[in-house]
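I opened this notebook to record what I looked up in one structure. The entries follow the order in which I took up each topic.

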Amino acid sequence: MTAARALLFLVLGAYLAAGIAFSVAFPLGEGPDEPAHFAYVQYVARQGTLPVLKPDYLDNESVEAYQAPLYYLTGALLTFPWMGTDPAIEHDPPTGEKRPLFRHAPEAAFPWTGGTLAWHLLRFFSLALGALTLLAAHRILVRFFGSQWLATAGTAHLALNPQFIYIHSLVSNDSLAILAGTLLVLFIVRSAQDPAGFSPFLAGLVLALALLSKASVPLLGGGLAYLLWNRRDQLAPSWPQALRNFAKLAAAPLLLTGWWLARNLWLYGDLTGASMSMRVVPENHYPAPLGPLEFLSLLPELVQATFRTSWATFGWMGFELPRRISNALAIIHLAAWGAALVFIRPKTLRRPSVVALALSALGLLAGYCYYNTFTNQAGWQGRLLFPAASIAAVAFLAGWRRFFPGRESWAAATLVVAQLALLIYVYFTIILPVFA
């Protein structure tokens with residue numbers, strides 16, 4: 001076993017160990033909308049059908065009922081034997097102080113049973129999805145940089161991020177959305193580097209997985225659209241071939257997602273159900289969408305909040321890193337991104353994989369900005385951009401390696417040690433004192 005691969009196993013082991021520790025430390029429900037995500041899975045397991053979002057908040061089994069169904073269907077299949085009883089969750093009574101919304105119920109102590117066991121199993125399911133995301137991200141980085149050391153460093157940049165671990169220690173469809181986005185990015189990079197191996201049907205299958213995981217994830221498909229256009233003469237030298245490729249590309253999305261889109265259109269009047277969600281929780285939305293100037297005036301705050309919540313913001317957005325540490329992280333990232341821009345070569349900018357990744361990231365970023373023109377500060381959450389986390393790792397690593405010219409092993413080791421130190425600090429100074 002090479003030293004780079006041994007370091008990769010260390011990183012993956014640290015991710016799993018930290019994920020289990022996070023999962024046990026946080027009370028059930030102590031995560032953004034986690035009770036509603038669990039209620040969605042529970043409804044599917046008990047009723048054998050999807051819930052319907054109703055206009056009145058109190059009439060709903062789950063206010064997340066409009067979300068894409070794949071995470072919840074899979075979770076229900078994994079946990080339905082234990083869904084007969086409700087989980088033991090307990091609200092933490094308000095005291096006027098800054099406190100978690102939930103606390104550990106005595107009935108939820110180990111060994112877990114019934115709905116409490118199902119909740120923990122779903123958290124572990126999310127953790128497993130995160131591990132698959134890391135393996136896919138590693139393949140992206142190997143393909144992009146051609147170096148096991150740099151690929152391990154980029155994987156550590158994701159795996160040892162406290163927020164990445166936190167999101168994957170909860171019951172949330174974000175874990176599947178992040179995996180689906182990473183697989184879509186992997187397919188784009190692979191297709192850019194090996195046009196002859198491009199499969200229209202596989203492209204459609206990956207897009208269908210993205211749409212069934214979360215409605216925003218297909219916005220990463222901008223890179224795929226670029227590749228299809230850029231390689232149109234190779235992929236479809238004639239009109240009959242182009243039509244056949246289009247039929248193959250559309251087959252999986254139509255067969256796998258058409259029913260869900262048609263159901264949303266019938267029930268809610270739009271393809272994703274977002275309009276009904278805005279009616280159910282109006283307090284999370286502006287009375288009217290922001291205009292361009294209004295949005296630009298909020299953009300500096302939005303950028304700062306998005307970065308902070310991409311690293312360590314826990315509970316229901318109430319507990320985060322000290323500002324001095326988040327500022328230090330921002331400086332490190334600005335330095336890395338700046339180095340990547342300074343040292344980038346013109347021919348690199350013309351690489352199809354670089355252009356495709358840039359367009360994919362811009363697509364998701366544009367969707368995030370649009371979402372925040374009608375969603376207030378409740379939408380300022382970095383996790384919503386995590387489906388493009390592998391692209392962010394590529395951008396960061398492109399600059400980070402410049403600080404270690406010719407010493408890729410040092411670049412990887414330094415990053416792993418620094419992020420392990422941050423993770424240990426977060427666990428012992430924020431998570432344990434507040435939540436455990």
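The entries below concern a predicted model.

**Entry 1: helix 17.** I began with helix 17, which runs over residues 389-400 and has 12 residues. I took its span from first C-alpha to last and found 16 Å, close to the 16 Å expected at 1.5 Å a residue. I then asked how many of its 12 residues are buried. The count is 10, so helix 17 is largely enclosed by the rest of the structure. I listed the buried residues as Ala389, Ser390, Ile391, Ala393, Val394, Phe396, Leu397, Ala398, Gly399 and Trp400. Next I looked up what covers them. The cover includes helix 4 (114-145), helix 5 (148-159) and helix 7 (174-193). It also includes helix 14 (323-343), helix 16 (352-374) and helix 18 (408-435).

**Entry 2: a residue of helix 16.** From the covering helices I turned to helix 16, where Thr373 is found. Is Thr373 buried or exposed? Its relative accessibility is 13%, and buried means under 20%, so I entered Thr373 as buried. Leaving out residues up to four places away in sequence, I noted that Thr373 touches Tyr286, Pro289, Leu290 and Phe295.

**Entry 3: aromatic rings.** I searched the whole structure for aromatic pairs and obtained 24. I examined one of these, Phe187 with Phe198, whose ring centres are 5.7 Å apart. Their planes stand at 55°, so I recorded the pair as tilted. The pair links distant parts of the chain, 11 residues apart: Phe187 lies in helix 7, and Phe198 in the loop between helix 7 and helix 8 (200-213). Phe187 counts as buried at 5% relative accessibility, and Phe198 counts as buried at 15%. I also noted a cluster linked by ring pairs, made up of Phe22, Phe26, Tyr166, Phe314, Phe319, Tyr427, Phe428 and Phe435. Separately, I found the charged end of Arg351 over the ring of Phe144, 4.8 Å from the ring centre.

**Entry 4: cavities.** I counted four cavities of 30 Å³ or more. The largest cavity holds about 60 Å³ of space. Which residues line the largest cavity? I listed Ser191, Ala192, Pro195, Phe198, Leu227, Leu228, Arg231 and Leu235. The elements that give two or more residues to this lining are helix 7 and helix 9 (222-230). I marked Phe198 for cross-reference, since this residue appears in the cavity lining and in the tilted pair with Phe187.

Conventions:
Residues are numbered from 1 along each chain as its sequence is written. This is a predicted model: local features need pLDDT of at least 70, side-chain atom pairs count only at pLDDT 80 or more; totals for chains, interfaces and linings use all residues. Side-chain values use heavy atoms; hydrogens and water are left out. Helices (H or I, at least four residues) and strands (E, at least two) are DSSP runs, numbered from the N terminus. The expected span of a helix is 1.5 Å times one less than its number of residues. Buried means under 20% relative accessible area, exposed over 50%, partly exposed in between (1.4 Å probe, protein chains only). Contact means heavy atoms within 4.5 Å. Rings of Phe, Tyr and Trp (its six-membered ring) pair if their centres lie within 6.5 Å; planes under 30 degrees apart count as stacked, over 60 as edge-to-face and the rest as tilted. A charge sits over a ring if NZ of Lys or CZ of Arg is within 6 Å of the ring centre and within 35 degrees of the ring normal. On a 1 Å grid over the protein atoms alone, a cavity is a set of points where a 1.4 Å probe fits but cannot get out, and a pocket is an open set with protein on both sides within 12 Å along at least five of seven lines; lining residues have an atom within 4 Å of a point. Grid points are joined across faces, edges and corners, and a volume is the space filled by probe spheres set on the points.
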